[in-house]
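Student: I am new to this structure and would like a close look at one part of it. Could you walk me through the stretch that leads up to the first strand, starting from the overall picture?

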Amino acid sequence: MALQLENYEPALKAGASVNITVTTVTGTALEVVGHTITTGKVVSIVAKTATTGIILELDQLDSLTTGNAVSVTSNSSSTSTRSMVKLVQDNAAATGATGLEVQQDSSAPAILVSGTAGGTVLKALAVGSTGVVFEVPLTTDTPVTVTGRTTANTSWLRIKLPSGTIRYLQVYD
């Protein structure tokens, strides 16, 4: 290990062990370069005893206009299988854990999924599950629009209305 910082001072447990302050307008405050790492981890955060805290927080991004809070880019031409972002909740008993929660307080879409390579844009897998694969809880004034293309193969989409009534929508594949 080239550099190790440890904080054993009880008086500092509520504060920051490392603080980086940058006063320039452009540039990078912290850059981690792992040129020779091929199979390891460039950054690893271990918080074994955390219970109700936040492990990684991006806060006070209030001046953000056309920028991104998080940007993940890969320009690899490899055809090998990989995930750009992977969230794993690895304990089947954790029935109250949500894998991903997105809150959008404006009228813009909470999630936008787009694809340009001609493949599948959105795919939901429920391997070994007997539960609901896709659910949209509705209020009485919430419209649902499903659009698609028509071919010879058909499937059915089960829709539960706010009244509890079940309707089936024929979907063409």
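Tutor: Happy to! The accessible surface of the protein comes to about 17,100 Å², and carbon and sulfur atoms hold 51% of that area. Please keep in mind that this is a predicted model. The protein has 173 residues, of which 0% count as buried. In terms of secondary structure, there are 2 strands and 0 helices. Contacts across long stretches of sequence make up a small share: among contacts with a separation of 6 or more, 3% join residues 24 or more positions apart.

Now to your stretch. Strand 1 covers residues 154–160, and Val113 lies in the segment before it. Let us visit a few residues of that segment, going up in number.

We can begin with Gln60, which has its place in the segment before strand 1. Its phi angle is near 55°, a positive value in a residue that is not glycine. Is Gln60 buried or exposed? Gln60 counts as exposed, because its relative accessibility is 67% and the cut-off for that label is over 50%.

Next comes Thr73, again in the segment before strand 1. With a relative accessibility of 70%, Thr73 counts as exposed too. Thr73 and Met84 sit 11 residues apart along the chain, and 8.2 Å separates their C-alpha atoms.

Gln89 deserves a longer stop. This residue is also placed in the segment before strand 1. Its relative accessible area is 39%, so Gln89 is partly exposed; that label covers the range between 20% and 50%. Which residues does Gln89 touch, once those up to four places away in sequence are set aside? They are Ala94 and Ala97. A little further along, Gly99 is 10 residues from Gln89 in sequence, with 6.3 Å between the two C-alpha atoms. The side chain of Gln89 also has a polar contact with the backbone: it reaches the backbone oxygen of Asn91 at 2.8 Å. Together, these details place Ala94 and Ala97 in contact with Gln89, and Asn91 at the end of its side-chain polar contact.

Our last stop is Val113, in the segment before strand 1. Val113 counts as partly exposed because its relative accessibility is 39%. Leaving out residues up to four places away in sequence, Val113 touches Val121 and Leu122.

To look back over the walk: Gln60 is exposed and Thr73 is exposed, whereas Gln89 is partly exposed and Val113 is partly exposed.

How values were computed
Residues are numbered from 1 along each chain as its sequence is written. This is a predicted model: local features need pLDDT of at least 70, side-chain atom pairs count only at pLDDT 80 or more; totals for chains, interfaces and linings use all residues. Side-chain values use heavy atoms; hydrogens and water are left out. Helices (H or I, at least four residues) and strands (E, at least two) are DSSP runs, numbered from the N terminus. Buried means under 20% relative accessible area, exposed over 50%, partly exposed in between (1.4 Å probe, protein chains only). Contact means heavy atoms within 4.5 Å. Accessible areas come from the Shrake-Rupley method with a 1.4 Å probe; for residues, only the protein chains shown count as cover. A polar contact is a pair of N or O atoms within 3.5 Å; within protein, one must be able to donate a hydrogen and the other to accept it, and residues adjacent in sequence count only if both atoms are side-chain atoms.
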